[in-house]
Amino acid sequence: ATEWNVSVWGKRRAFTEHVEKLAELVSEKTDGEFTMNISYGGLSKNRENLDGISIGAFEMAQFCAGYHRDKNRVITVLELPFLGVANLEEEVAVSSAVYNHPAATDEMAQWNAKLLMTSPMPQYNLVGTGTPRDELAEFEGMRVRATGGIGEAFKAVGAVPTSVTSSEAYQAMESGVVDTVAFAQHAHLSFGTINRAEWWTANLNPGTVNCPVVVNIDAYESLSDAEREALDSSVPEALDHYLSNYGQLLKKWDEVLEEKGVEKVELSDEVIAEFRAKAADPIRENWIAEMESQGLPGQELYDLVVKTLADHRGGS
Amino acid sequence: MSEIQIGLWVTGGMLVLVVLGMRVAFAAALAGFVGLVWLRWSGFGYDPARFGKALEISVKIAGQVPHSKVSSQALSLIPTFILIGYLAYYAKLTSALFEAAKRWIAWVPGGLAVSTVFATAGFAAVSGASVATAAVFARIGIPEMLAAGYNKRFAAGVVAAGGTLASLIPPSAILVIYAIIVEQDVGKLLLAGFIPGAFSAVIYAGLIVAIAVIFKSVGPPVTGFTWRERLVSLPPALPILAVVVIIIFFVYNPFGEAWGTPTEGGAVGAFIVFVVALLRGMRFRQLLDALLETAKLTVMIFTIIWGVLIYVRFLGFADLPHAFADWIASLNSPPMVILICILLAYAVLGMFMDAIGMLLLTLPVVYPAVMALNGGENVAAADSAFGMSGPMCAIWFGILVVKMAEFCLITPPIGLNCFVVAGVRDDLSVQDVFRGVTPFFIADAATIALLVAFPAIVLWLPSLA
Amino acid sequence: MAGSSTVLSDSSLISRLDRTLLPIERATALLSGLAAFSLMFLAAYSVAGRQLDRTFLAPLFDSIGLMDGPLPGYVDYIETLMPLIAILGVSYVQREGGHIRMDILVGRLHGRALWLFEFITVLCMLILVVALVWGSWAHFDRSFDCARPLCSRDSSIDIGIPIWPSKLVVPVALAVLLARLLLQLAAYGRAFVLNVASPAAVPLIQSVAEQAAAEAEQLKEDSK
Ligand code: NA
Ligand code: NA
């Protein structure tokens, strides 16, 4: 029998449902010969899950690219602002395209890791207090809790990204340390920022984080053929389960907005275009130049994302 | 051997090492490390050829922990709170506070002792470490009480017990540690400590007055301060008030539009005490001493933190916390009985262990069990065993265990505060201090019983926030 | 629990080595204290910057480029400083006998029996610390690659500063501790073999009277 330790963090939530489902499916398909023991924070700190995979502390783990950009430069392409990803299906499509690119597999192989699947996250829209901000000029001086590429994007239009941990985000909002917080919906719900919100940007879609699930290569290769087949074949099913589960959460999100009287702010296409030109373009060019200077195919990766998105839309 | 059995053997081994006198932090880390190797090698079927691999993986897992666990913004509150305590001493805030308390309340029976308790409570509002508070007031309060004809043991007991208030009254290093282990809101927990802390101070004061009234010779009243003397004693102590107000603004956000997060509040409070110390003539050498003392206490505490967390990492791989929570949940006794048993177990354990080490060692296992007992992390108050929601139960239990941990600071044989007080005074033995502190056990036991019976004392403030 | 303790010195090699190591250890502890001190300034600066940025003074601070809003990467800087504060002085505390322990048992022992127990517990610590130096070095090594900009293979979450310098603190601090433990092992071993009553270079548990006398001395120093 094979037993894998799996390191994730926090509590069981929408964000970990595909891992839970994968464990269930694998065990079913192998008649309990191959089981996964999922640990929520007991095996590693979330920012060190990739280290844990590299040293063989556990066999499977989840992490987010933005936690440590220098550990995983290639997949940070998926965290660039305003990629234009509109829904979770598109997020799955662009992620798996990048994950299969040799530059990504090579970089992860240096950590003894193989990218298995993504944990698709919706776009990090803002909740805010005060008057809704729907003109670019109104972002000037706005204190926003946003990290990584999204933080940079807001900075480019004059906002002030402010460091507070996600667990302090509610308090920071309540105390006026920040005016707005950028999170995915489930985090707005679980960190309580929705309770302080007066408005929510429904269509700003500034970007998201990319959080892959990886497996230790040695462990993967030492699986029996049947076990490996069970694992590989369960990935699409696990992702389907994740998507339908998250879909229900998004439905609930709309109800919560209504119940709490939070205003849904729709920005006009012109404002979004202006935002993209000011924030997304320079950040992307900068990112590509930086990757190319380190010998990574930055342009190629970005083009891959754009092409995948176009293909996905064309095909569906 | 099953993972659980390995977990139990390793835990037993750790206790043996601790009893043999190995430094607690390193005993826990060694146990954790050996446990990791054992667990991994048993996973390899004890294949001799793969022992090296098991060793290497375990070394690397353990080697991550010190850096990984201390690099935390929330934990930065600990050095800050300790630094405030030492700076406040050189800012002469502690003696000013004691002087003011003395002139206003020394006239009651046992008045100097009551003054000491209130002054420690006031100092507790800027200091985060009980031991540092006891050390400071042993130097300030005890000489005055002895000069006024107080019983020596009683005076020492007052200081040792008063020092413990620093852990409940925010800011508090130990509450921060609890919040981090159980992943709860630091601000709410600090807020929750305020009323139980003040409540403890009042119970101590009541006890002192009662003792002084019954045994006339123990603590005679000190009279003769004019109103003028009383009034002039207030301004030198005022900076404490300023720091308290600032910390309140950061931690509690009373007017909605507040100034920042608790972690920032602690650091800004330290900055103000530093400025006051400079204005009151702190010398460069004294600043260096304060920094060196801060470093010593901080490093000591953090070594326990990462050492124990190596052991906790091993527990995670052995899956012991789950097993224990399941076991507790499967017991058929009423939840309140189990909770009281847990608190009693802390009282016994606390006799032999240091407070921080005790919390770090036990909480990863005990906390999930208590939450399960109440009905789960997200249970609503109506469906819960203790009549409070999951997050509120986390706060309530936190205050209870911190109060237990304070209790441990004055219980023999290893009541750290008593050792510190005896260490500072050349005319007191540790036995003297332990004898003097005995009445305060009773006060603490009463306080804990009240906090268990009336959770509202703890939960009222945080429920407003 | 660990009360205060004293370290004697004499003309032996072990004691001379102790006195060579001590200034290094004291410097690491002082550095740790200074880092804690800087934490305070960092917060004061960040908060002041954020608050001033909301007042009419904002344009002034904007023009001098100081305190212009919250300090970017505030959390990253704190997380980088923490290992320095928390770990660097670990050997100094060991030298002074300041790490907490239970001395119910060892407090009752004298002479050879005591040195034997101390030898065994220090040996156990030594084994652990060797493992931790290895493991924490590996942790550093994974984040360090000089083929890359700033040698960085692991960066902070907010402003992307390299993490390796802060990871390097741990094996360095533990290596100093390793030297200290070797020295203590030699001192306890020698005390056991030669049956020395009060060996140099190791913290001796003080009797209550000795301890109080030392504290009184300390107080006199303070009041000067
Ligand atoms: Na306090
Ligand atoms: Na105790």
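**Exercise 1. Determine whether Ala295(B) is buried or exposed, and describe its surroundings.**

Step 1. Ala295(B) has a relative accessible area of 3% and is buried (buried means under 20% relative accessible area, exposed over 50%, partly exposed in between, with a 1.4 Å probe and protein chains only). The model is predicted: local features need pLDDT of at least 70, side-chain atom pairs count only at pLDDT 80 or more, and totals for chains, interfaces and linings use all residues. Residues are numbered from 1 along each chain as its sequence is written, chains are lettered from A and ligands numbered from 1 in the order in which they are written, and side-chain values use heavy atoms, with hydrogens and water left out.

Step 2. Ala295(B) belongs to helix 14 (residues 284–318) of chain B. Helices (H or I, at least four residues) and strands (E, at least two) are DSSP runs, numbered from the N terminus.

Step 3. Leaving aside residues up to four places away in sequence, Ala295(B) touches Ala29(C), Ser32(C) and Gly33(C) (contact means heavy atoms within 4.5 Å).

Step 4. Leu83(B) is 212 residues from Ala295(B) in sequence, yet their C-alpha atoms are 8.7 Å apart.

**Exercise 2. Find how many disulfides there are over all chains, and characterise each.**

Step 1. A disulfide is a pair of cysteine sulfur atoms within 2.5 Å. By this rule there are two over all chains.

Step 2. In chain A, Cys64(A) and Cys211(A) are linked, with sulfur atoms 2.0 Å apart. The link is right-handed, with 95 degrees about the S-S bond. Cys64(A) sits in the loop between strand 3 (60–62) and helix 3 (88–99), and Cys211(A) in the loop between strand 9 (199–201) and strand 10 (212–216), so the pair ties together parts 147 residues apart in sequence. Both cysteines, Cys64(A) and Cys211(A), are buried.

Step 3. In chain C, Cys146(C) is joined to Cys151(C), S to S 1.9 Å. The torsion about this S-S bond is about 85 degrees, so the disulfide is right-handed. Cys146(C) is exposed at 52% relative accessibility, whereas Cys151(C) is buried at 15%.

**Exercise 3. Explain why Cys418(B) has no bond to the closest cysteine sulfur, and place Cys418(B) in its helix.**

Step 1. The closest cysteine sulfur, in Cys408(B), is 12 Å from that of Cys418(B), which is too far for a bond.

Step 2. Cys418(B) is buried, with a relative accessible area of 0%. The buried residues of helix 19 of chain B include Cys418(B), Phe419(B) and Val420(B).

Step 3. Nine of the nine residues of helix 19 (residues 416–424) of chain B are buried, so the helix is largely enclosed by the rest of the structure.
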